[in-house]
Amino acid sequence: MLVTLDPGDARPLYLQIMDEVRRTLVVGTLQPEDPLPSVRELAAELLVNPRTVSQAYRELEREGIVYVRRGQGTFVAPNVHRGWAERRALGLEVAKRALLEARRSGLGVEDLLRFIGEVADSEEEVPSDAMAAANQGDEE
């Protein structure tokens with residue numbers, strides 16, 4: 001499971017871990033009944049205190065996203081749905097964080113939307129540019 005933490009993010013680490021687990025569910029990296037890394041494994045990977053991971057797992061369990069099998073570990077709950085509601089909730093959290101950072105940086109909503117559009121446009125151009133370069137190499 002790929003979990004990344006942002007040291008510049010003001011949110012507590014356990015919330016970042018929770019959001020990363022939710023994200024992996026929404027994008028399909030994790031499926032119902034998949035095991036999560038052990039508390040110690042994930043703590044070692046992320047270089048955080050095991051209590052931080054444990055707190056994130058407890059909160060996810062309370063929300064019904066994961067469950068614990070004694071002696072076996074933590075698993076994604078079988079009834080977790082990855083539908084539109086989860087994608088919307090994840091998107092809203094991303095948007096809130098982006099807006100908060102923009103406001104901290106003195107940017108308005110219009111500026112943020114314009115810059116997001118510019119970044120998206122530039123990222124869409126990269127694959128086609130790379131493809132054109134590859135095609136030129138084939139022609140030579």
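How many helices and strands does the secondary structure of the protein chain come to? Keep that in mind as you open the cartoon view. One thing before we start: this is a predicted model.

**Stop 1: the whole chain**

Show the protein chain as a cartoon and count along. You should find five helices and two strands. Now travel from the N terminus: the elements go α-α-α-β-β-α-α, with the two β elements sitting between the third and fourth α in that order.

Next, switch on the surface. The protein chain exposes about 9,600 Å², and carbon and sulfur atoms supply 54% of that area. What share of the 140 residues counts as buried? The figure is 23%.

If your viewer can draw contacts, try those too. Take the contacts between residues at least 6 apart in sequence: 54% of them join residues at least 24 apart.

**Stop 2: Glu 33**

Select helix 1, residues 13–27, and then helix 2, residues 39–46. The loop between them holds Glu 33, so zoom in there. Check the backbone of Glu 33: phi is near 75 degrees, a positive value in a residue that isn't glycine. Is Glu 33 buried, partly exposed or exposed? Glu 33 counts as partly exposed because its relative accessibility is 34%, and that class runs between the 20% and 50% cut-offs.

**Stop 3: Leu 47**

Carry on to the loop between helix 2 and helix 3, which spans 50–62, and click on Leu 47. Here is another positive phi in a residue other than glycine, near 60 degrees this time. Leu 47 has a relative accessibility of 77%, so it counts as exposed; the cut-off for that label is over 50%.

**Stop 4: the largest pocket**

How do you look for a hollow in a protein? Rolling a probe the size of a water molecule over the atoms shows where empty space is left.

The largest pocket here has a volume of about 340 Å³. To find the pocket, select Asp 6, Asp 9, Arg 11, Gln 16 and Arg 97, which lie nearest its centre among the 17 lining residues.

Now colour helix 1 and helix 4, residues 84–104: each of them supplies at least two residues of the lining. Which element gives the largest share of the lining? Helix 4 does, with six residues.

For a last view, colour the lining by residue type. You'll see nine charged residues, five nonpolar ones and three polar ones.

How values were computed
Residues numbered from 1 in each chain as written. Predicted model: local features only at pLDDT ≥ 70, side-chain atom pairs only at ≥ 80, totals over all residues. Heavy atoms only, no water. Helix = DSSP H or I, 4+ residues; strand = E, 2+ residues; numbered from the N terminus. Buried < 20%, exposed > 50% of the residue type's maximum accessible area, 1.4 Å probe, protein only. Contact = heavy atoms within 4.5 Å. Areas by Shrake-Rupley, 256 points an atom, 1.4 Å probe, with all protein chains shown as cover. 1 Å grid on protein atoms, 1.4 Å probe; cavity = no way out; pocket = protein on both sides within 12 Å on 5 of 7 lines; lining within 4 Å. Points joined across faces, edges and corners; volume = space filled by probe spheres on them. Nonpolar A, V, L, I, M, F, W, Y, C, P; charged D, E, K, R; others polar.
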